[in-house]
Amino acid sequence: MQYLTLRFLVCLGLICLSHLSVSQIVLMGENPPFSNVNDGDFNAVRGYWRQAKQSPFWTTRVIEGEQLMGIHYGTLFSSNSVGVAESGQLNNNPKYQKMRVGDIWQWQFGADLEYVSEGTMTVSLVFGEHERILSDKVELVGSDKNVEHFSGIYTLTDEDVAAGFPFVRVTFYSGQDIKVYLHYVNICVTAPTYAGPESLMTATALEGISLRWSDALAATESRFYVYRNSGRKSKYQRIATVKGRQYLDHDIVSGRTYDYLVTRQMGEQESGASPLAQSRKIDDVSPNPPLGLTAEAFDTEVKLRWDRSSEADVDFYTIERRAQSENDWECITDHVLQNQYEDLRPPKGQKLSYVVYAHDYSGNKSRGSEPVLTQVKAVEGASFIDLIRPMSIHTELREDLWGGDEVLPRDPDNGIEHPDWSYWGGHPIKDQDGKYHMLVVRWPEDGLKGHWEWPNSTVVHSVSHEPEGPYVPTKGVAYAYKEGLGHNADVIRLNDGSYLLYALIDWEPTLFTSESMSGPWKREGVMQIDYDTAYWDDDRGYQVERNLSGVQLEDGSMLFVTKFGRMIKSTEGLLGPYKVLTDVIQKNESIPERYRHSNYEDPVMWRDEVQFHLLINAFLDKRAIYLRSPDGIRWTFDPGLAYDPEVTRYVDGTDTHWYKLERPHVIQDSYGRATHLSLAALDVPKADDLSNDLHNSKNLIIPLRTHCRLDLISPNVLDAKKIKVLIRDESSFEAMEYVDIASLRFGASSEVNYGRGAKALKYEKVKEGLLVTFDGMRHGLTVEDFTAKLIGKSNSGELILGFIRLPSSR
């Protein structure tokens, strides 16, 4: 039998294989204008990609393999060598309770293969003991995200009828543990007596959409049912019952697309449906501007609300913002479906204007709403994102690189990238040779699974003369163990100057040590982590083994932050056992509600001479937050974002817009201060980064404003009437010449972050730098504060900030 790869719409109400208006009795699958029959589209149970839900009408069993098999996202899948799915018996349509020899059954199914491999499937009808193969081991194309469609006919035999109604059997064959997907199955019986109208035409009219149909089987007294589907996954609704062969649908929304079907009343039964007709009426009338726009300012966010439009044809809204320092309006979001929006990264320290526009389904845009004026409470320097500076350009910004338009042009010499490799998540460290060394993971860009080849990544050593790159691999892999296999590698500088390397190898948290970033790396073993699932009421034991970042404490013990932000500690050596000290980051009540309930992973922790720092990435929201701690265990949220995909800007003003930035690390100077932010960057969703395509990932390096080094000269800050703070000179920073004294504010973060705090009373140049005396009455510090914060500006308007550890918190 020759299989047709075009998906003909063969079931009730759709065009059949012969292009004639011959109706079908549906035994499984598509049945418009009615619901899908017997879960032929696998939507009776929904589940996300890590699950394998089971349909109420299908059973699955694994013949060869150990992988899950079931339903997710409306597809039935298997990644086993052999897996079988079987439907229930196709005997539950009251219109077809008796099979006859010669009955023609039309069949159709859609299938796909996750990646290029040897995966395939066979679809059969099973009558009693007899299996009738409809399509045997069909050819599937992987990595193209296109469903292959197969269809044909089967004629019932004497043996089939004697055996009774069949069930559908689908046999999945997977090579290399690749998912084989079954998207739908349609089984219909040709039944001319149920044929509906043979044609349906639509046209736009002044009053709406006009429908006309023809029906050779209709009698004079026949009535017709008109059905409409308004899209966006809605169901067909019966909108009219008419005697004639025409209907005017005046209850429409201009610009929206409608699908129509017509059936005929046949005594107590209903015929099959006409062919589908689609229509859309557009206009050139702009919607009214949104009314009632209000703005509520928070610490670093602005919540906008406006009245929902009373016009039915409004599709979405766009929002523009203009800062006081800007001449032009900036579109900050372009497809808001609700009548509210929260701006999470407005400029700080200046008045902000917002305007909202309505857009209708016909493509018309309204005039702007009345603008609103507001200002966030925090000042520049309150958030980690305020430290991010533009990236330098090594030679030139280039267009002839992989990636979509959003990430071009760019500097390929920033960080590390190569068209043949996918790089992900490196931690650069300046070693004793004065060079910057980064252990970064990578996998071949043309690997079988595209981005999802990462479980087979290897750890490589790379070197750069400058912190921003370019980083050049020095050899194939960083260590010989398992031929360099490892993921999410992170390096910790130990107290004695040597290095500890964490890598996830075969899903085990494995540690290596070396005297140098260049290696050789000695495998120490697998970490032992005591995690009590009952105590923490969380059975996700893997979370304490993955995405680890750590520091060695002054007493030699090891402290790590884990995937979801738990802290684990060992006082008995590098390998542990480690005790779990804290709950997941979402339980930290210092984090505001709008940030707390994100899906967090990819933490990075570091320590400087003042305190501990933590960045953790909210991967679904594509943003990160920043927290500080006196001991690496008790963490306090700092206002606003740490970074998002919009932070990559070059010194010439060119912006790139990466789809996602993950796996943060920082470059530290000799005092432990973060000088650069290292991020894994991907230009498309991970599932869209396929093998051997134009999309890829890299590791990029972004410069940061470095904290000033501060010394507290006054011993009793809480009781002092005046507080003396030394701003230390550095090789490239002469405080007396650089600092705008009048701009300085000193005190508790809860004060200084909002433009309050103690002001400078006097200052003097000393040998070590600039000695500033602050008013001791307005600092806002309490016994709960473990640091004091300084925020100010340089004489040229650049941000200055720093922290001092308070004596009472040591």
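Throughout these close-ups, buried means under 20% relative accessible area, exposed means over 50%, and partly exposed is anything in between (1.4 Å probe, protein chains only). The model is predicted, so local features need pLDDT of at least 70 and side-chain atom pairs count only at pLDDT 80 or more, while totals for chains, interfaces and linings use all residues. Residues are numbered from 1 along each chain as its sequence is written, and side-chain values use heavy atoms, with hydrogens and water left out.

**View A. The largest nonpolar core, around Leu677.** A nonpolar core here is a set of buried Ala, Val, Leu, Ile, Met, Phe, Trp, Tyr and Cys residues joined through side-chain atoms within 4.5 Å. This one has 53 residues, and Met605, Leu627, Tyr643 and Leu677 have the most contacts inside it. Several strands supply at least two residues each, among them strand 38 (558–561), strand 41 (600–607) and strand 54 (799–805). Strand 42 gives the most, with 5 residues. Strands and helices are DSSP runs numbered from the N terminus: E for strands (at least two residues), H or I for helices (at least four). Zooming in on Leu677 and skipping residues up to four places away in sequence, its contacts include Ile388, Leu615, Tyr643, His665 and Leu704; contact means heavy atoms within 4.5 Å. As a bit of background, nonpolar side chains tend to be buried together in soluble globular proteins.

**View B. The sheet of strands 45, 46 and 47.** This is an open sheet of 3 strands in the order 45-46-47, with antiparallel pairing. Strands 45 and 47 sit at the edges, each pairing on one side only. Neighbouring strands are turned by 25 degrees against each other on average, direction ignored; the axes are lines fitted to C-alpha atoms (for helices over the stretch in contact), with angles running from 0 to 180 degrees between N-to-C directions. Strands 45 and 46 pair over 7 bridges, where pairing takes at least two DSSP bridges between two strands. Lys660 has Leu682 of strand 46 as its bridge partner.

**View C. Salt bridges.** The count needs a side-chain nitrogen of Lys or Arg within 4 Å of a carboxyl oxygen of Asp or Glu, and a search of the whole structure finds 42 such bridges. Arg649 and Asp655 meet at 2.6 Å, N to O; Arg649 is partly exposed at 42% relative accessibility, and Asp655 is partly exposed at 27%. Glu330 and Arg321 meet at 3.3 Å, N to O. How accessible is Arg321, buried or exposed? Arg321 is buried, with a relative accessible area of 9%, whereas Glu330 is partly exposed at 44%. Glu296 and Arg305 also form a salt bridge, at 3.3 Å, N to O, with Glu296 partly exposed at 38% and Arg305 partly exposed at 35%. Elsewhere, salt bridges link Asp538, Arg540, Arg566, Asp583 and Lys587 into a network.

**View D. Backbone oddities in the loops.** Most residues other than glycine have a negative phi, and most peptide bonds are trans. The bond joining Gly469 and Pro470 is cis, with omega about 5 degrees, and Pro470 lies in the loop between strand 30 (458–464) and strand 31 (472–473). Another cis bond runs from Gly519 to Pro520, with omega near 5 degrees; Pro520 is in the loop between strand 34 (508–514) and strand 35 (522–526). Asp177 has a positive phi of about 60 degrees. It is partly exposed at 46% relative accessible area, in the loop between strand 11 (167–173) and strand 12 (180–190). Glu483 has a positive phi near 55 degrees and is exposed at 68% relative accessibility.

**View E. Aromatic pairs.** Rings of Phe, Tyr and Trp (its six-membered ring) pair if their centres lie within 6.5 Å; planes under 30 degrees apart are stacked, over 60 edge-to-face and the rest tilted. The structure holds 23 aromatic pairs. Tyr479 and Phe512 are stacked, at 4.2 Å centre to centre and 20 degrees between the planes. They sit 33 residues apart, Tyr479 in the loop between strand 31 and strand 32, and Phe512 in strand 34. Both Tyr479 and Phe512 are buried. Tyr595 and Phe637 are tilted, at 5.6 Å and 35 degrees. Tyr595 lies in helix 3 (residues 593–596) and Phe637 in strand 44 (residues 636–637), so this pair ties together parts 42 residues apart in sequence.
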